[in-house]
Amino acid sequence: MLEPISLIVCRTDRLGDVMMALPSLSFLRNSLPNAKISFLCNTECAELLKPTLAKLDIETIETKKRTSSEWRVWWLEKKPTAALLLYPERALSLGAWKARIRWRVGPLSKLLSVVVLNAGKWQRRSQGEKNEAEYNLELAGHLLSCLGTYVPPEPAAITLSINEEARTKATQVLQSLNLSSTKYIVVHPGMGGSALNPSEFQYRSIIEAIQTKTGFPVVVTIGPAPKDQAMGKALESSQAKVIQNISLPVLLEIFRGATAVIAPSTGPIHLAHHSGTRTIGLYSPVKSHHPKRWAPWGGTGDSKVLVPQADCPATKECLGPKCSVFDCMDTFPWAEKVSDLFR
C-alpha cells in the first residue's frame, strides 16, 4: 500500500510574498485532495491565514529562526514526501537537503539552489515576465509532475475568511471614527521601501481628489515600519482619519468593509485584494518593481494598477538624476488618474 503524500509549502518572507502563494495552495489542494499539506510562513501571516487555510484542510505552521542543522532535525521530524520552497531561504533549504527530503522543489537561481534542490526549476523571475503568483503556480505544477500527478496550473481565486474577533475590533475602531455605518475609502500610503512610492504631497493630493469626487471619508491606515509612521504623521493634518497600531486580521476586516483600497506595491494591497475589496495599486516603472510581476493576483477583488508611462531603463533600482525620465514618480498625475477611476 502506497504511503499518503505529504507536502510542506514554504514562504517565510513578507506579507505580499506570502499572499501570492495562496493560489498555489488552493491549486495543490484541488489537485491532491487526499494529501496532507502544510504551509510554513512567518508568525504574523500564520495568524492571519489560519482560518482560511483550515477550510482547505491545510495546516499552518509558524516559522522560527533556526540553523540549517536545526532545520534538518525539524524536517526529519515532519518527514514530508516533498518540500516546495517558494522562497529558498538558506538555512531552511540546507536543512531540507541535509534531511534528504525526497523531493525538494523550488526556483533555481544561485549555486546554492542548484545544490540543495534536487527537483528545482529554472525561472527568470528577475525578468518579470509574469506575475509572482504565476511563478509560484509554475513551481506547484512542477511538483505535481515530480509526483507523477501533473495537472495544468489554473487560477484559483481565494477570499480570506472572516475572523469574527477581528471584525468586532475593526467595527469598534470604525465606530470611534464615526464610520461604522458610512461608506469609506482606505489609503495605505506606507511601504517597507522595496519599491518606489509616491511622495507625501502626492498622497495628500490623492486624498483631496477622491474626497471631492466621491464625497466619501478617507481612512489612512499606517503600518509599524518607520517610513510608514513618518508618512502617517505627515498626513495627520489632511482631512483623512488615521488608523494605526492594529493587527493584520483587524486591518483585513477594515479593508473588507471599504469601498476601495489605494496603496503602493506593498503587502497590504494584496491583503485588500484577497478580502474581496476593490484595489487601486500605485506602482513604479522600474523592472523589478513593475506591476507585471507584483500586481495583485489570485484574489476576488477588482484590481486596477497605475504606473507612470515612462520608458524606464532601470532594472533593479531607480537611476535617479542619471535617468532621462527622472522623477517620473513625482511628475505623474496620481491624483487625477486615481480620481478618474471613481464615477
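Q: Taking two strands as paired if DSSP finds at least two bridges between them, which residue in β2 is the bridge partner of C10?
A: In this predicted model, the bridge partner of C10 in β2 is L40. Strand β1, which covers residues 6-10, pairs with β2 in the parallel sense, and five bridges hold that pairing in the DSSP description.

Q: And what does β2 do with β3, how many bridges there?
A: Strand β2, residues 36-41, is joined to β3 by five bridges, and these two strands run parallel. I37 is the residue that stands opposite I58 in β3.

Q: Is β2 mostly covered or mostly open?
A: Strand β2 is mostly covered, since five of its six residues are buried.

Q: OK, what order do the strands take in the whole sheet?
A: The sheet is open and has five strands, arranged in the order β3-β2-β1-β4-β5 with parallel pairing. The edges are formed by β3 (58-62) and β5 (103-105), each of which pairs on one side only. Going from one strand to the next, the twist averages 20 degrees.

Q: Switching to backbone oddities: which peptide bond is cis?
A: The bond from F326 to D327 is cis, with an omega near 0 degrees. D327 sits in the loop between β13 (303-306) and α14 (328-331). As background, most peptide bonds are trans, and most residues other than glycine have a negative phi.

Q: On that phi point, what value does K79 have, and where is K79?
A: K79 has a phi near 50 degrees, which is a positive value in a residue other than glycine, and K79 belongs to the loop between α4 (68-78) and β4 (82-85). K79 counts as exposed because its relative accessibility is 66%, and the cut-off for exposed is over 50%.

Q: What about N245, buried or exposed?
A: N245 counts as exposed, because its relative accessibility is 69%. Its phi is near 60 degrees, again a positive value in a residue other than glycine, and N245 is placed in the loop between β10 (241-244) and α11.

Q: Let's do cysteines. How many disulfides does the count come to?
A: The count comes to zero disulfides, where a pair of cysteine sulfur atoms would have to be within 2.5 Å. For C45, the nearest cysteine sulfur is that of C41, at 5.5 Å, and C45 is in no disulfide. C328 is likewise in no disulfide, with the sulfur of C312 as the nearest cysteine sulfur, 6.2 Å away.

Q: Why do C45 and C328 count as buried?
A: C45 counts as buried because its relative accessibility is 2%. C328 counts as buried because its relative accessibility is 14%, and buried here means under 20%.

Q: Now the empty space, how many cavities of 30 Å³ or more?
A: The count comes to two cavities of 30 Å³ or more. The largest cavity holds about 90 Å³ of space, and of the 13 residues that line the largest cavity, C312, C318, L319, C323 and C328 are the closest to its centre.

Q: What classes make up that lining?
A: The lining of the largest cavity divides into twelve nonpolar residues, no polar residues and one charged residue.

Q: And the second largest cavity, which residues line it?
A: The second largest cavity has about 40 Å³ of space, and the residues that line it are E47, L48, P51, S161, N163, P249, L252 and E253. The elements that give two or more residues to this lining are α3 (43-55) and α11. By class, the lining of the second largest cavity splits into four nonpolar, two polar and two charged residues.

Q: Last topic, the second largest pocket: what volume, and which residues lie nearest its centre?
A: The second largest pocket has a volume of about 160 Å³. Its lining has 13 residues, of which T171, L174, Y184, E253 and G257 lie nearest the centre.

Q: Which helix gives the largest share of the lining of that pocket?
A: The largest share, four residues, comes from α8. Both α8 (164-176) and α11 (248-256) each supply at least two residues of the lining of the second largest pocket. In terms of class, that lining has five nonpolar, five polar and three charged residues. E253 appears both among the residues nearest the centre of this pocket and in the lining of the second largest cavity.

Key. Residues numbered from 1 in each chain as written. Predicted model: local features only at pLDDT ≥ 70, side-chain atom pairs only at ≥ 80, totals over all residues. Heavy atoms only, no water. 1 Å grid on protein atoms, 1.4 Å probe; cavity = no way out; pocket = protein on both sides within 12 Å on 5 of 7 lines; lining within 4 Å. Points joined across faces, edges and corners; volume = space filled by probe spheres on them. Nonpolar A, V, L, I, M, F, W, Y, C, P; charged D, E, K, R; others polar. Buried < 20%, exposed > 50% of the residue type's maximum accessible area, 1.4 Å probe, protein only. Pairing = 2+ DSSP bridges. Axes fitted to C-alpha atoms, helices over the stretch in contact; angles between N-to-C directions.
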